[in-house]
Amino acid sequence: MSERGIGLGIIGCGDVALRTYGPGLAPLAGRAAAVAVYDPDPTRAERLAAELEALGLPRPAVAPTLDALLADSDVAAVLNLSPAPFHHETNVASLQAGKHVFSEKPLAGTLADAQAAIDLAHERGLALLCAPAVMATNRFRWLKAQIDAGWLGRPTLATGQMASMGPAAWREYKGDPAVFYGPSVGPALDLGVYILHAITGLLGPARRVEAFGGVSIPRRNVLIPDREGQVIDVTAPDHLLIHLDLGDNRFAQVLSSFATPRSKAPALEIHGDAGTISISLESWYEPDAPVDLWQRDERPDGMERWTQAAPPGSSRISHQIQAGPEHFVAVLEGAEPPILTAEHATHVLSIILAAARSMEEGCAVDVSRVVE
Ligand SMILES: NC(=O)c1ccc[n+]([C@@H]2O[C@H](COP(=O)([O-])OP(=O)(O)OC[C@H]3O[C@@H](n4cnc5c(N)ncnc54)[C@H](O)[C@@H]3O)[C@@H](O)[C@H]2O)c1
């Protein structure tokens, strides 16, 4: 390891690399740095290298191919920020080259592929972590500790939603939004996954899943200015309503949609027999934002009202997504046990695959029955 710390290779230099991961490396200076970047479009790789330098970080080498990046002995670990359909093959190539991996979500498209990557990482003694980073943020680490300590009594119900029109309507988006409306992504793997990680991270695994969904707005005009005129045919369900049975009379429901113009509903609420936590969508990506809390008081003169509670401390990062590489580096340093495990990501993938099967079969599906 050099004085720069752990050498990172960035694979995929698009929107999220420029917008979030790149700036998220600044607080890690001295502990880790991007030493090489790769994108099949070299202008994107050059742009990321220049933007990292503009942030005052060392300028990484631009690798001409993925093989070249993986052959670079300065690269100890990779951040896989390629589009979803390439995650698995890129993760496997990286692990085979002896690199630790932090993958954007989803880990893979099938459970067999996800398990194969986990097995490969174990065989090689390498770390394999996966986004989303929800449970690694200061706020969610604190929430989990509070809930485990009995803040809400027994948590029995979670409701959440991530509902928008999707990236075709995100005017500031720098990538190609088409992939998000196709069968390898869709709103559950892109957005619902945040809520599903939070619910299963806080309340534990799901046992059964039932879902309704369909394509409700089949053609989308892309509103991103430099893609004017692009129209997307929607082939993945753009509304997905998912119910989870968490066992022991505990339940959850999640709305995941790319066909919802706007909503004022909270991103996530957790209800227990002694209280409720509510988290707004506006503050969802803030790593230290307070949560709204309602604690029941059954005394005759009991005071019941909304209050706010905030996690202690303040993060050095400014966005939830940046908690991923920060946690990854801490795991590689041996300073933290893994939270964003590939096993957790695989459980959430199995929920999403079970939801797809439930939509087809019209009945509830046992999560353990999903093997594809
Ligand atoms: N954009 C966001 O805000 C955001 C937020 C959270 C997660 N993500 C996830 O990050 C990943 C990337 O999303 P994005 O929005 O940056 O997409 P993007 O299309 O803007 O960027 C992807 C980049 O990967 C490159 N690429 C294509 N094929 C590749 C391959 N085989 N190997 C390496 N690179 C390849 C593309 O040229 C492009 O530059 C996705 O999995 C997405 O779900 C994005």
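The following paragraphs lead through a predicted model, beginning with the surroundings of its ligand and moving on to its aromatic pairs and helix α8.

The ligand is surrounded by 26 residues, and the closest of these are D15, V16, D39, R44 and Y173. Sorted by class, this shell comprises 14 nonpolar, five polar and seven charged residues. Two helices, α1 (15-24) and α7 (186-203), each supply at least two residues of the shell. The shell draws on both domain 1 (6-130) and domain 2 (135-320 + 349-361), and the ligand therefore lies between them.

Several polar atoms of the protein can be located around the ligand. In the side chain of D39, an N or O atom is 2.5 Å from an oxygen atom of the ligand. In the side chain of R44, an N or O atom is 2.8 Å from a ligand oxygen atom. With V16 the atom concerned belongs to the backbone: a polar backbone atom of this residue is 2.8 Å from an oxygen atom of the ligand. The ligand taken alone exposes 830 Å², of which the protein buries 87%.

Attention now turns to the aromatic side chains. A pair of aromatic rings is described by two quantities, the distance of the centres and the angle of the planes. The structure holds nine such aromatic pairs. In one of them, the ring centres of F140 and W284 are 5.5 Å apart and the planes stand at 70°, so the pair is classed as edge-to-face. F140 belongs to helix α6 (residues 138-148), whereas W284 lies in the loop between β14 (275-279) and β15 (291-295); the pair therefore ties together parts that are 144 residues apart in sequence. F140 has a relative accessibility of 1% and so counts as buried. W284 is likewise buried, because its relative accessible area is 0%.

Another edge-to-face pair is formed by Y173 and F180, with 6.0 Å from centre to centre and 80° between the planes. Both Y173 and F180 are buried. Y173 also returns the reader to the ligand, since this residue is among the closest in the surrounding shell.

Ring pairs also link Y21, F102 and F328 into a cluster. Of these residues, F328 leads to helix α8 (residues 323-332), where F328 is one of the buried residues. This helix is mostly covered, with eight of its ten residues buried. The buried set consists of A323, G324, P325, H327, F328, V329, A330 and V331. After α8 comes G334, which has a positive phi, near 80°.

Methods. Residues numbered from 1 in each chain as written. Heavy atoms only, no water. Buried < 20%, exposed > 50% of the residue type's maximum accessible area, 1.4 Å probe, protein only. Helix = DSSP H or I, 4+ residues; strand = E, 2+ residues; numbered from the N terminus. Phe/Tyr/Trp six-rings, centres within 6.5 Å; stacked < 30°, edge-to-face > 60°. Near = heavy atom within 4 Å. Polar contact = N/O pair within 3.5 Å; in protein donor to acceptor, adjacent residues only side chain to side chain. Areas by Shrake-Rupley, 256 points an atom, 1.4 Å probe, with all protein chains shown as cover. Nonpolar A, V, L, I, M, F, W, Y, C, P; charged D, E, K, R; others polar. Domains from an automatic or database assignment.
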